[in-house]
Every structure is written in C-alpha cells, then in structure tokens.
Amino acid sequence: MVRTHSQLALLLVVALQVTAQTLTVTNSGVIGTGCQPGTAQASVKNGVVSIEASNFIASAGPGVSYSSGRKNCQATLTVSVPSGYQFGFAETKLPAQVKTDSGVQVSARSEYYFQGELTKDQDTSTVPAGSSGTVTLVNSYGPSAWSSCGGSSIVNINTSLRASNANNRGGSGSIRLKGNLNTEVVWRKC
Ligand SMILES: *[C@@H]1O[C@H](CO)[C@@H](O)[C@H](O)[C@H]1NC(C)=O
C-alpha cells in the first residue's frame with residue numbers, strides 16, 4: 001500500500017501517542033545542600049520533572065569555603081507506573097547564570113537511578129573557564145536505567161553544581177540555577 005507523507009506523519013504521531021504515558025507521582029521531595037528546606041520543590045507536567053530552587057549556587061574564590069564549591073539537589077519521586085510500560089529519562093536541562101575568571105571551572109552533573117537498582121545514568125556539562133552570562137546546560141542520558149515494568153517505582157534525580165579555582169587560586173567563579181531544572185521522561189513498552 002502506498003501512503004502519502006502526511007499519512008506517514010499521522011501514523012508516526014499515533015505511534016508516539018501510544019507510547020507516551022502519564023507520569024503519575026504519588027509522592028515527591030527535594031533535598032540537598034543546594035536546595036535547603038523551603039527553597040526548592042519538584043513538580044511534574046507534560047512528561048517533564050521540574051525542580052525549582054531559589055538558592056542553588058556553587059562558588060569558588062579567595063576566602064570562599066571548599067564546601068561552597070560543591071552543592072547538590074536531589075529529587076525523589078514515587079511513581080505509579082502504568083502496567084506494560086517503564087520509564088527512564090532522556091535529558092536534564094539546566095539554565096544557569098555563570099561567571100568565571102580564567103582558570104576557574106564550573107560544571108553541572110546530573111544522574112538518576114531507581115531505588116534498589118545498580119544502574120545509574122549520568123552526564124556532566126562543563127563551562128569553559130573565562131565565561132560569563134546565561135547558558136543552558138544539557139545533560140543527556142542513554143537512557144540505560146529503567147523503572148520497574150508497571151507497579152511502583154522510586155526514582156532519584158541528583159544534580160550537582162561545582163566550582164573550582166584549583167588552577168587559579170586568585171580567581172573567582174560561580175554557577176547558579178536560573179529557572180527550572182527540567183528532566184524529560186521517556187517511555188517504552190516492556
Ligand atoms: C549526588 O551527587 C553527588 C556527586 O555529584 C554526590 O556527592 C552525592 O553523594 C549524591 N547524592 C546522593 C544521595 O546520591
């Protein structure tokens with residue numbers, strides 16, 4: 001049977017709709033040195049897990065403590081998975097404000113894993129030293145970590161911001177989350 005382009009496009013849309021499921025979250029929480037209680041929250045909409053954190057910043061410089069250069073924020077979600085499906089994540093997008101002197105490096109690392117599973121998916125984005133302004137860093141996953149097939153699954157999404165002036169002790173730098181940290185869900189049949 002011969003199909004036109006628009007018929008093929010329609011078939012493709014239908015196929016994707018069959019696979020896309022709703023992420024039903026029954027419980028969620030956010031914790032970490034970069035998202036202290038009262039400064040952060042997680043929400044889910046249209047297949048995207050969003051973390052809002054008003055004070056998620058890592059900085060380095062003369063007189064700045066080592067711990068200021070390492071901050072993390074972890075969301076934990078309990079998900080009711082539709083039977084016959086499992087989910088993972090495609091990528092985490094991190095809009096950030098950065099400011100770094102030469103020799104000062106800032107980066108964002110994201111990982112996710114399911115409770116009780118050893119497989120973790122992770123990626124790190126590094127901003128070139130000497131940069132400043134607003135950037136959107138994208139950490140991409142395989143994905144290789146998948147939820148249970150149906151049932152209840154607990155997933156952790158852990159993002160860390162780093163700033164280091166180890167290569168220029170007199171230099172300063174910082175990276176700050178500016179907007180929502182968005183992690184996109186992907187589904188597959190199982
Ligand atoms: C989150 O990631 C950071 C490293 O990037 C790590 O030090 C920390 O232990 C992780 N937290 C959890 C709960 O896995």
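A residue counts as buried under 20% relative accessible area, as exposed over 50%, and as partly exposed in between. Keep that scale in mind as you click through this predicted model.

**Stop 1: the C149–C190 disulfide**

Start by selecting C149 and C190. A disulfide joins these two cysteines, with 2.0 Å from sulfur to sulfur. Turn the view until you look along the S-S bond: its torsion is 90°, and the link is right-handed. The bond ties together distant parts of the chain, since C149 sits in the loop between β9 (132–140) and β10, while C190 belongs to the segment after β12 (181–189). The two cysteines are 41 residues apart.

Is C149 buried, exposed or partly exposed? Its relative accessible area is 44%, so C149 is partly exposed. C190 also has a relative accessible area of 44%, and therefore is partly exposed too.

**Stop 2: the C35–C73 disulfide**

How many disulfides does a search of the whole structure find? There are two, and C35 with C73 is next on the tour. Select this pair and you will find the sulfur atoms 2.3 Å apart. The torsion about the S-S bond is about 115°, so this disulfide is right-handed. Here again, distant parts of the chain are linked: C35 is in the loop between β1 (24–31) and β2 (40–45), and C73 is in strand β5, 38 residues away. Both C35 and C73 are buried.

Counting the bonded cysteines along the chain, the disulfides follow the pattern 1-2, 3-4.

**Stop 3: the ligand**

Now select the ligand and show the residues around it. You should see N72, Q74, R109, E111, Y113, N158, S160 and R162. Sorted by class, this shell holds one nonpolar, four polar and three charged residues.

Zoom in on the oxygen atoms of the ligand and look for these distances:

- N158: an N or O atom of its side chain is 2.4 Å from a ligand oxygen.
- S160: an N or O atom of its side chain is 2.6 Å from a ligand oxygen.
- Y113: a polar atom of its side chain lies 3.4 Å from a ligand oxygen.

How much of the ligand does the protein bury? Taken alone, the ligand exposes 360 Å², and the protein buries 54% of that area. To see which elements build the shell, colour β5 (70–81), β7 (105–114) and β10 (151–164): these are the ones that give two or more residues to it.

**Stop 4: T92**

Next, select T92 in strand β6, which spans residues 85–100. Its relative accessibility is 1%, so T92 counts as buried. Show the side chains here and find Y141: the side chains of T92 and Y141 make a polar contact at 2.6 Å.

Which residues is T92 in contact with, leaving aside its neighbours within four places in sequence? The list is S110, L137, V138, N139, Y141, T159, L181, N182 and T183. Displaying these residues together with T92 gives you a picture of its surroundings.

**Stop 5: G170**

For the last stop, move to G170 in the loop between β10 and β11 (173–177). With a relative accessible area of 60%, G170 is exposed. Finally, select N46 as well and zoom out until you have both in view. G170 and N46 are 124 residues apart in sequence, and their C-alpha atoms are 45 Å apart in space.

Conventions:
Residues are numbered from 1 along each chain as its sequence is written. This is a predicted model: local features need pLDDT of at least 70, side-chain atom pairs count only at pLDDT 80 or more; totals for chains, interfaces and linings use all residues. Side-chain values use heavy atoms; hydrogens and water are left out. A residue is near a molecule or strand if one of its heavy atoms lies within 4 Å of it. A polar contact is a pair of N or O atoms within 3.5 Å; within protein, one must be able to donate a hydrogen and the other to accept it, and residues adjacent in sequence count only if both atoms are side-chain atoms. Accessible areas come from the Shrake-Rupley method with a 1.4 Å probe; for residues, only the protein chains shown count as cover. Helices (H or I, at least four residues) and strands (E, at least two) are DSSP runs, numbered from the N terminus. Ala, Val, Leu, Ile, Met, Phe, Trp, Tyr, Cys and Pro count as nonpolar, Asp, Glu, Lys and Arg as charged, and the others, Gly among them, as polar. Buried means under 20% relative accessible area, exposed over 50%, partly exposed in between (1.4 Å probe, protein chains only). Contact means heavy atoms within 4.5 Å. A disulfide is a pair of cysteine sulfur atoms within 2.5 Å.
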